[in-house]
Amino acid sequence: MLTGNRPHLPTASLILMGILLIMYACNSTSVSKVSQVSPKIESSQDIIELKIDSILALMTLQEKIGQTAQRGKSSRVKDIPPELKEALKKGEIGSFLNVTSKEDVTELQRIAVEESPRGIPLIFARDVIHGYKTIFPIPLGQAATFNPSLTEKGARIAAIEASSNGIRWTFAPMLDISRDPRWGRISESGGEDPYLTSRMAEAYVKGFQGDDLTDPTSIAACAKHFVGYGAAEGGRDYNTANINDFSLHNNYLKPFKASVDAGVATFMSGFNEVNGVPASGNQYLMRSILREEWGFDGFVVSDWESIIEMIPHGFAADEKHAAALGANAMVDMEMTSTSYQQYLAELIAEGKVSEEILDEMVRNILRIKYRLGLFDNPYFDPSDEKLYAPEHLDAAKQSALESMVLLKNNRNTLPLGRTKKIALIGPLADKGHEQLGTWTFDGEKNKTITPKMALQKDRSLDVTFSEGLSFSRDLNKDKFEAAIQTAESADVIVFCAGEEAILSGEAHSRADISLPGAQEELILELAKTGKPIILVVMAGRPITFERIIDKVDAVIMAWHPGTMGGPALKDILIGDASPSGKLPVTWPKMNGQMPIYYNHKMTGRPVKPDEFVEMYEIPIEAWQSSLGNTTHYLDAGYLPAFPFGFGMSYSSFDYSNITLSSTKITKDEALTVTVTVKNTGNYQAQETVQLYFRDMVGSLTRPVKELLRFEKVLLKPGESKNLSFTFTAQELAFYGPSKKWIVEPGTFKLWVAKHAMDTTNELEFTLE
Ligand code: BGC
């Protein structure tokens, strides 16, 4: 029922709605969906469509355009400008973003429901990216957990917290495949792999949206940025993405498709162009793929002013032209800029945009407002705030714990146990704000537990602290001496290095991804003390550390771990928990290796490790020849610092009894790979078993490896578990030269592996 706006509709409108409902129920045609009307009301979705028909029939052109307007304010501005309230009263606004006070949310919703002509409720949006108040690890860190169920739980908690402050729509998850760590927004991504990002996409959508969108704790998710934003040239934000159609389908689109299959309510169009056409005016992406091929029936919001940014792109001549391009691509809602509001009526009058398109755009928006139950329940209960509940903090700690990746551990430096005297040093050891990471508008540093706080709170530990540098970019060495003295009087150094939160995220790409400031110099000085150094990196991307990697004994990648990062790190350092994170991105040795990713193609001249001649080994005046070198750098070789999927444990694991259910299958059959995993070490720990495949010959060359499945298992020392991975031949399909998904007969290889470069357990089968 239209209880939310019923009292405000004029009597004539109510009568018309009644007639429409009766017409529909009596097998008549409805107003705008003549061809699609089914003979009877079959589901709640049909009823929603009917209700939308009824409202659309009553709305003026201006009110329809109003629904496509998302207005807001910058996060830094406090009050809602009065002119926005006036526009709302006239029905000229469909959504707000960044309205942060509960009073404002309630008041604006009251105006929309009680004073605007149709009483259509607003939908309030916010960037709730990796937590609302309780902050979870940055999405790249969450991907490193290889544990989608933790991410689902984190997104559920974020939704519970955000909705208790009136937010019913988040601009997450970001599903941009990221193969270049220079790109600042890699921190917001699930990394480089389409399969892992797809599993995470489903987890975020399920978590944010819950089982039932009408539940007041459910918030609409938004798959962004459709599409190819992560392929920005050179990792420079907002830059050109040239992605051929095959790579688009086989890599970049996959996580978005997974989000549609998981029922994501909304999409966001990217800032970037794809092959010369900006995403926000791209009919191929927005209509042919998203709507027609995938059947997405939610709505698409532009990114912040991305409609009018088609002007500087050189794709639109002016705002009017931009509005026509955006609307004709069916980007349903315009974020912050006002080109639709200013020009759509004119464009419709001139026949440059059809009113049917506008009706579809409004229909898409209203459909989601109905699905969220906003017409029945436009308000939230401001007294029922659910922030920082103990179970939220526990989940954030577990997520942080499982996100941390042990990259190096010489001579079992870790875990430390409780008897060693620890010198805690470094600019990120006690920085609540920085450890929250990018996109944490609502996170609070005074609620954040830092490594220093967590370690010093544990009375059984002997910890002294000296930061050495005040912040990650600090070049001032005045505090070096004190830090060295602290180190000298301890048994071991825990050095918390990395990047401040502001050094990754939107518009924060870096050309050099090594540790900023004087951090490397301080580490080199500390190394002279001879004390073992444990390097903890908190950053939004992989960090290259050629100059210092040999000077440190252990490395933990902690990403930006969020509110509970300190306690999680403490458990790992001491040995109360074993690290279990795995890299969701290939980790380069040097800047020049980027972009870098494991699922690349093979060349005609693959690397021959035995023939590789390193730059300083080349004889003077060597004769012009390849010298055996092929597709790699003379000065960086062909290997990354650490491969995708890599991460160490305090325990060790043995894989045995690896079997394949058959060595031949047809296109309609499935295969099962089984493996026994045994914990052969002394710690209870989790292991992530990864299954990769390669299609050896294709009508389109295939990647050298593709992740097909993974499973994370918890094992006690000595314990074994049997795992089985079943997949159908159809899951090996690729988007091929015929521009269709195909499964080609031939030989396939499989690897049951610990990371992308582990070839120990190789299997083979034939597809007939
Ligand atoms: C970002 C989006 C974000 C939006 C709203 C844009 O600048 O690209 O990811 O959701 O702002 O804050």
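**Exercise 1. The nonpolar cores**

Of the 83 residues in the largest nonpolar core, which touch the most other members?

*Solution.* Keep in mind from the start that this is a predicted model. Step one is to find the residues with the most partners inside this core, and these are Phe226, Phe267, Trp294 and Leu707. Step two is to ask which element contributes the largest share of the core, and this is helix 8 (residues 194-209), which supplies seven residues. Step three is to take Trp294 and list its contacts: leaving aside residues up to four places away in sequence, Trp294 touches Phe226, Leu253, Phe256, Lys257, Val260, Phe267 and Ile289. Step four is to look beyond this core, since another core of 39 residues lies apart from it, with Ile425, Ile533, Val555 and Trp587 among its members.

**Exercise 2. The chain as a whole**

Work out how the radius of gyration of the protein chain relates to the value that the globule rule gives for 768 residues.

*Solution.* Begin with the elements of the protein chain, which has 20 helices and 26 strands. The radius of gyration of this chain is 28 Å, and the globule rule gives 27 Å for 768 residues; the two values are close, so the chain is as compact as a globular protein of that length. Next consider the extent along the principal axes, where the C-alpha atoms fill a box of roughly 85 × 60 × 55 Å. Then turn to burial, and note that buried residues make up 60% of the 768 residues. As for contacts with a separation of 6 or more, 77% of them are between residues 24 or more positions apart. Finally, the protein chain exposes about 28,800 Å², of which carbon and sulfur atoms supply 51%.

**Exercise 3. One face of a helix**

Find the buried residues of helix 13 (residues 339-349) and explain how they are arranged around its axis.

*Solution.* First list the buried residues of helix 13, which are Ser339, Tyr340, Gln341, Leu344, Leu347 and Ile348. Looking down the axis of helix 13, one finds these buried residues within an arc of 155°, so they line one face of the helix. A general rule helps here: an α-helix has 3.6 residues a turn, so residues three or four places apart point the same way. Now look for what covers the buried residues of helix 13, and the cover includes helix 3 (61-67), strand 1 (69-72), helix 12 (319-328), strand 10 (334-335) and helix 14 (355-371). After helix 13 comes Gly351, whose phi is positive, near 75°.

**Exercise 4. Two sets of paired strands**

Give the order of the open sheet of five strands, and then describe the strands that pair with strand 25.

*Solution.* The open sheet has the order 4-3-2-1-10, and its pairing is parallel. At its edges stand strand 4 (169-170) and strand 10, each with a single partner strand, so one side of each has no neighbour in the sheet. Inside this order, three bridges pair strand 1 with strand 2 (residues 95-97) in the parallel sense, and Gln70 stands opposite Ser95 in strand 2.

Strand 25 (residues 746-753) runs antiparallel to strand 20 (residues 685-695), to which six bridges join it, and in this pair Tyr692 stands opposite Trp751. Six bridges also join strand 25 to strand 26 (residues 762-767), again antiparallel, and here Leu750 stands opposite Leu763. As for cover, six of the eight residues of strand 25 are buried.

**Exercise 5. Backbone details in loops**

Locate the cis peptide bonds at Pro173 and Pro595, and decide whether Glu305 and Tyr388 are buried or partly exposed.

*Solution.* Start with the bond between Ala172 and Pro173, which is cis with omega about 10°; Pro173 is found in the loop between strand 4 and helix 8. The bond from Met594 to Pro595 is also cis, with omega near 0°, and Pro595 lies in the loop between helix 20 (565-574) and strand 17 (653-660).

Glu305 has a positive phi, near 60°, and is found in the loop between strand 9 (299-301) and helix 12. Tyr388 has a positive phi as well, near 50°, and is found in the loop between helix 14 and helix 15 (390-403). To decide on burial, use the cut-off that buried means under 20% relative accessible area. At 29% relative accessibility Glu305 counts as partly exposed, whereas Tyr388, at 15%, counts as buried.

Notes:
Residues numbered from 1 in each chain as written. Predicted model: local features only at pLDDT ≥ 70, side-chain atom pairs only at ≥ 80, totals over all residues. Heavy atoms only, no water. Buried < 20%, exposed > 50% of the residue type's maximum accessible area, 1.4 Å probe, protein only. Helix = DSSP H or I, 4+ residues; strand = E, 2+ residues; numbered from the N terminus. Pairing = 2+ DSSP bridges. Core = buried A, V, L, I, M, F, W, Y, C linked by side-chain atoms within 4.5 Å. Contact = heavy atoms within 4.5 Å. Arc of directions from axis to C-beta. Rg over C-alpha atoms; globule rule 2.2 N^0.38 Å. Areas by Shrake-Rupley, 256 points an atom, 1.4 Å probe, with all protein chains shown as cover.
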